[in-house]
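Got your viewer open and a selection box ready? Let's take a walk through this one, stop by stop.

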Amino acid sequence: MQRQLKKTISIAKRACFSSLRPSAAAADNVALPPPSLPPFNYQPRPYNGPSADEVLAKRKKFLGPSVMHYYQKPVNIVEGKMQYVFDESGKRYLDAFAGIVTVSCGHCHPEVLDAIIEQSKLLQHTTTIYLNHAMADYAEALASKMPGNLKVVYFVNSGSEANELATLMARLYTGNLGMISLRNAYHGGSSGTLGLTAVGTWKYPIPEGNVHHVMNPDPYRGVFGADAHSYAKDVQDHIEYGSSGKVAGFIAETVQGVGGATELAPGYLKLVYDIIRKAGGVCIADEVQTGFGRMGSHYWGFETQGVIPDIVTMAKGIGNGLPLGAVVTTPEIASVMTQKLQLNTFGGNPVCSAGGLAVLRVLDKEKRQAHCAHVGSHLLDRLRSLMQRHEIIGNVRGKGLMVGVELVTDRKEKTPAKAETIVLLEKLKELGVLVGKGGLHGNVFRIKPPMCFTKDDADFVVDALDYAMSKL
C-alpha cells in the first residue's frame, strides 16, 4: 500500500505541473514566505513511545489491510490540546479536521476531561437495565435542545448504529420497507447502513435492503443547480414510479460530510418532507456531522432548511471523541420499540453520559454556536477571496465551521483535480495543517475543525492554502 501511495503521489506531482494554469501568485512571481502557525501557549510532554515507523509496521501486521491512513508518511499523533495536535517530535499541527468532525469542544478540554475522570472514579459501567442518574440527566439535557415533540432519547455508540436504529424505527412505525436517501450521502459503513450510503468508494457489493437513492440537490454539480422544486419532483416521481406509493422514510444530511461538505439546495427539505409524509413515511435528519452549533446560524443543521424531522440521529461531536451516539424521536414513534425487548449494553454508559453532558455545557458556556458563525463567516470570506487568485478552486461552500473547498482543473467543465488534491494535502501537512478530503473523486478539502478554532487559525489555513497552491 505504501509503495502504491508513493507511486500515486509521484504521478500526481507530474500531473499538477502539466494540467493547471499558473496561479495568480505564481504568475506574478511573488515569492510568498511559508506561513507560521499562530502562537499557542502550550508545551507538549516529551514523548518516549514507539516511532511513526514502528507504529505503521505494527498496524500493517495486526490491523486489517482496509484500515486506511492519510499521507505518504503518516503523522504519528501523540498528544492534543484544543485545536492543535502534536507528533512524536513535538511538532504542532492545526487540526482543521477535528478527528473527522468529532472533536467539538477541543482536544482534551479540561471540563470534559474532569467529568469523564470523576465519573470513572465512581462507576465506569452499568447498563440500561439498572438506574443511574448520569444517563437520565444527559437525556433530559439533550432533549431540551430539540424542537417540537422530539423528546425521547436512545443512546448508542456511533453514527452508523444511530442510523440503523432510526431506519428500524421508521419501518416499524410506518409498516413500510422502502427507504429513500440522496446520492452522494454517507450514513455509515455497517451492513445495515451501507444501503443508505450512496458514495461508491465506500460501498461493497452486498444486498442493500430496499433503499433507493434519489437525485442529489447539489447547487454546484446538480443538474438543476439550486432549483429545489425540480429535485423534489424527482422524489415524487420515484415514489409514483418506483414504489408502491408508500415508503418507510427519507434520510438526509443537511450538509453532506463525506460527500464533500455539499449543501442541499435551499428549501429542498421542506418540499421533500411534505412529499414523504404524504406517502406515509417519516423524515430522518442525520446530524452526525452538522449538529451542536457547528453550522453557526442554528444549533441543528435541519433548522437551516426550516423543518422539524420525525427522527434525528447524532454522533461524532456529541462526545468530543467519546464513542457516543444518539437517536431522538417523538413519543409516538418511540412506542413502536416496545413490541420487543430493547436495550444497549454500552449506549448511555455513565462515563459517556457524563462526558456528553459536559460537552453540552461547554458548548453553551463558551458560546460556540455564535463563535462558529463569526469565525466561519471570516473563513468563508477569505476562501472566496482566495478563489480569485487560484483557478484550481472551483467552489467554496458551507456554513459555520462546516466548510468545503472543491478543486478542479477546469472551472467550466468542473473536472475534479484528483491528483493535485493529493499533492496539496501533503504540502499542507508539511506546513502544519491537517485537513480532510472528500467527495466521490476525493477532490474536496473538508475544513471542519474543533469549534474553538479562531480567526487567526482561519487565516493560517487560508495562507497555507495560498502558499501551497502558489507552488503548483
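**Stop one: a pair within one helix**

Select Glu118 and Lys121 and show their side chains: the two meet in a salt bridge, with 3.4 Å from N to O. This is a predicted model, by the way, so keep that in mind at each stop. Both residues sit in helix α5 (residues 110-122), and because they are three residues apart, about one helical turn separates them. Now switch on a surface. Glu118 counts as partly exposed, at 45% relative accessibility, while Lys121 counts as exposed, at 62%. As background, side chains of opposite charge can pair when their charged atoms come close.

**Stop two: pairs that reach across the chain**

Next, pick Arg221 and Glu406. They form a salt bridge too, and the closest N and O atoms are 2.6 Å apart. Here the pair links distant parts of the chain: Arg221 is in the loop between β6 (211-214) and α8 (228-242), whereas Glu406 belongs to strand β14 (residues 402-410), 185 residues apart. Buried or exposed, how does Glu406 count? Glu406 counts as buried, with 3% relative accessibility, and its partner Arg221 is partly exposed at 34%.

Then move to Arg389 and Asp466, whose side chains meet in a salt bridge at 3.3 Å, N to O. This pair also links distant parts of the chain, with the two positions 77 residues apart: look for Arg389 in the loop between α12 (368-387) and β13 (393-399), and for Asp466 in helix α14 (residues 455-470). Arg389 is partly exposed at 31% relative accessibility, and Asp466 is buried at 12%.

Before leaving, add Arg397 to your selection. Salt bridges that share partners join Arg221, Arg397 and Glu406 into one network. If you'd like to hunt for others, the salt bridge count comes to 17.

**Stop three: an enclosed helix**

Select residues 350-365, which make up helix α11. It has 16 residues and reaches 22 Å from its first C-alpha to its last, close to the 22 Å expected at 1.5 Å a residue. Turn the surface back on: 13 of the 16 residues of α11 are buried, so the helix is largely enclosed by the rest of the structure.

What caps the N-terminal end of α11? Zoom in on Asn349: one of its side-chain oxygens lies 3.1 Å from the backbone nitrogen of Val351 and caps that end. At the other side, α11 is followed by Lys367, where phi is positive, near 55°.

**Stop four: the cysteines**

How many disulfides should you look for? The count comes to zero. Try Cys452: the closest cysteine sulfur to its own is the one in Cys105, 8.3 Å away, which is too far for a bond, because the cut-off for a disulfide is 2.5 Å between sulfurs. Cys452 is buried, with a relative accessible area of 5%. Cys283 is another one to click on, and it is buried as well, at 0%.

**Last stop: the domains**

Zoom out and colour by domain. Domain 1 takes in 74-103 + 368-470, and domain 2 covers 110-365. Their centres, taken over C-alpha atoms, are separated by 25 Å. To see where they touch, bring up the contacts: 34 residues of domain 1 are in contact with 31 residues of domain 2.

Definitions and conventions: Residues numbered from 1 in each chain as written. Predicted model: local features only at pLDDT ≥ 70, side-chain atom pairs only at ≥ 80, totals over all residues. Heavy atoms only, no water. Helix = DSSP H or I, 4+ residues; strand = E, 2+ residues; numbered from the N terminus. Expected span 1.5 Å × (residues − 1). Buried < 20%, exposed > 50% of the residue type's maximum accessible area, 1.4 Å probe, protein only. Polar contact = N/O pair within 3.5 Å; in protein donor to acceptor, adjacent residues only side chain to side chain. Salt bridge = Lys/Arg side-chain N within 4 Å of Asp/Glu carboxyl O. Domains from an automatic or database assignment. Contact = heavy atoms within 4.5 Å.
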